[in-house]
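Here's a quick tour for anyone opening this one up for the first time. Have a look at the picture, then read on.

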Amino acid sequence: MGTAMVSGMLRNKLYQPEELACLGAEDGSAEALSSRTGIRHIPNLEKLLAGCEILVLAFKPQQLSQAGSEHARLSEGKLILSILAGSTLKRLDEKFPLARNIIRAMPNTPGQIGAGITCYSTKNEIDFTDREKVENILESMGPVIPLEEKFLDAVTALSGSGPAYVFEFVAALRDGGIRAGLEPEVAERLSLETVLGSARLLARSGEKPETLRQWVSSPGGTTLAGLEALEKGNFRSLIADTVLAAKNRSMELAQD
Ligand SMILES: NC(=O)c1ccc[n+]([C@@H]2O[C@H](COP(=O)([O-])OP(=O)(O)OC[C@H]3O[C@@H](n4cnc5c(N)ncnc54)[C@H](OP(=O)(O)O)[C@@H]3O)[C@@H](O)[C@H]2O)c1
């Protein structure tokens, strides 16, 4: 996700490569990012933070526990922008109490190609200049929506985890096509293009999904027969349960 943000920022010409720097762990991802994009790799945290104004946290949520008083001292006066799933503003504030402000954001994986969506909350009310900086960074992954933190577990469950549900739906559609007699490669292509095209049509039309669904289901027709099978299998309530299960897990993780 860190790589996606850097690539997006450079693609949007928000920063020049020399204005960005990264630090990773031991798997070489920061070095690789640096040599691929031209941003600086500064393996020393003190040196990295000495010259930076905004610190983006994009490591695994469990690694936050490693941050200690040194990190608190070094981040004084900086903007902290975290994309760590389940790490609350309260928890981030415990680790970075001297920061100018803390932003908790929840992007999603289509952000890797600039087609994501991100919601964010801030610890303190954010002024115009900082808001612009933060939103510009997050917009490198797609549209951005500010929201109260109380909604972020639901956001995680819907847009954060949502791409996985869509991938599963594409796989299910493909398998259905195979059972209906198609060759696997053809079924795979048809299922992907159908989901892609339908989402684009929906976005472009500005209509509700129910309206578009109605337009393609004539009485006594094939689509209606398929939709009736979906209804019989409680498709909508299954998806609602899916989102609620993910939300509950997000709340549990925040407690941990
Ligand atoms: N993937 C998603 O859909 C998604 C959506 C929303 C939010 N998020 C959040 O985004 C974050 C990153 O997810 P990811 O999927 O991109 O994970 P990832 O591919 O495992 O990347 C984690 C990165 O953190 C680096 N790292 C590890 N320890 C570090 C340390 N102590 N200091 C600095 N950097 C360190 C790793 O460097 P090395 O490679 O050198 O070890 C690696 O580059 C997670 O917190 C996740 O909750 C992900």
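## The sheet

Let's start with the sheet: five strands make it up, and it is an open one, in the order S3-S4-S5-S6-S7 with mixed pairing. Keep in mind that the whole thing is a predicted model. At the edges you'll find S3 (54-57) and S7 (144-146); each has a single partner strand, so one side of each has no neighbour in the sheet. Going from one strand to the next, the twist averages 25 degrees.

Now zoom in on one pair. S3 and S4 (residues 79-82) run parallel and are joined by four bridges. One residue to look for here is Val 56, whose bridge partner in S4 is Leu 81. Strand S4 is covered on both faces. On one side sit Leu 79 and Leu 81, on the other Ile 80 and Ser 82, and all of them are buried.

## A helix across the strands

Next up is helix H7, which spans residues 152-160 and lies across S5 (101-106) and S6 (118-122). Its direction is at about 35 degrees to S5.

Which residues of H7 are buried? They are Leu 152, Asp 153, Val 155, Thr 156, Ala 157 and Gly 160. These buried residues pack against the strands S5 and S6, and also against two helices, H8 (162-179) and H12 (235-255).

## Two domains

The protein splits into domain 1, covering 2-148, and domain 2, covering 162-255. Their C-alpha centres are 33 Å apart. Five residues from domain 1 and five residues from domain 2 take part in the contact. On the domain 1 side, the residues that touch domain 2 come out as one nonpolar, four polar and no charged.

## Around the ligand

How many residues surround the ligand? There are 24, and the closest are Gly 24, Ala 25, Asp 27, Ser 29 and Ala 85. Sorted by class, this shell has 12 nonpolar residues, nine polar ones and three charged ones.

## Two residues to click on

Try Ser 217, in the loop between helix H10 (209-215) and helix H11 (222-232). With 16 other C-beta atoms within 10 Å, Ser 217 counts as partly exposed. Leaving out residues up to four places away in sequence, Ser 217 touches Thr 223, Leu 224 and Leu 227. Ser 140 is 77 residues from Ser 217 along the chain, and the C-alpha atoms of the two are separated by 38 Å.

Then there's Leu 244, which is part of helix H12. Is Leu 244 buried or exposed? Leu 244 is exposed, because 12 other C-beta atoms lie within 10 Å and a residue with 12 or fewer counts as exposed. Leu 244 and Ala 157 are 87 residues apart along the chain, while their C-alpha atoms are separated by 7.1 Å. You've met Ala 157 already: it is one of the buried residues of H7, and those residues pack against H12 among other elements.

Key
Residues numbered from 1 in each chain as written. Predicted model: local features only at pLDDT ≥ 70, side-chain atom pairs only at ≥ 80, totals over all residues. Near = placed C-beta within 6 Å. Nonpolar A, V, L, I, M, F, W, Y, C, P; charged D, E, K, R; others polar. Pairing = 2+ DSSP bridges. Axes fitted to C-alpha atoms, helices over the stretch in contact; angles between N-to-C directions. Contact = placed C-beta atoms within 7 Å. Domains from an automatic or database assignment. Buried ≥ 20, exposed ≤ 12 C-beta atoms within 10 Å, placed from the backbone.
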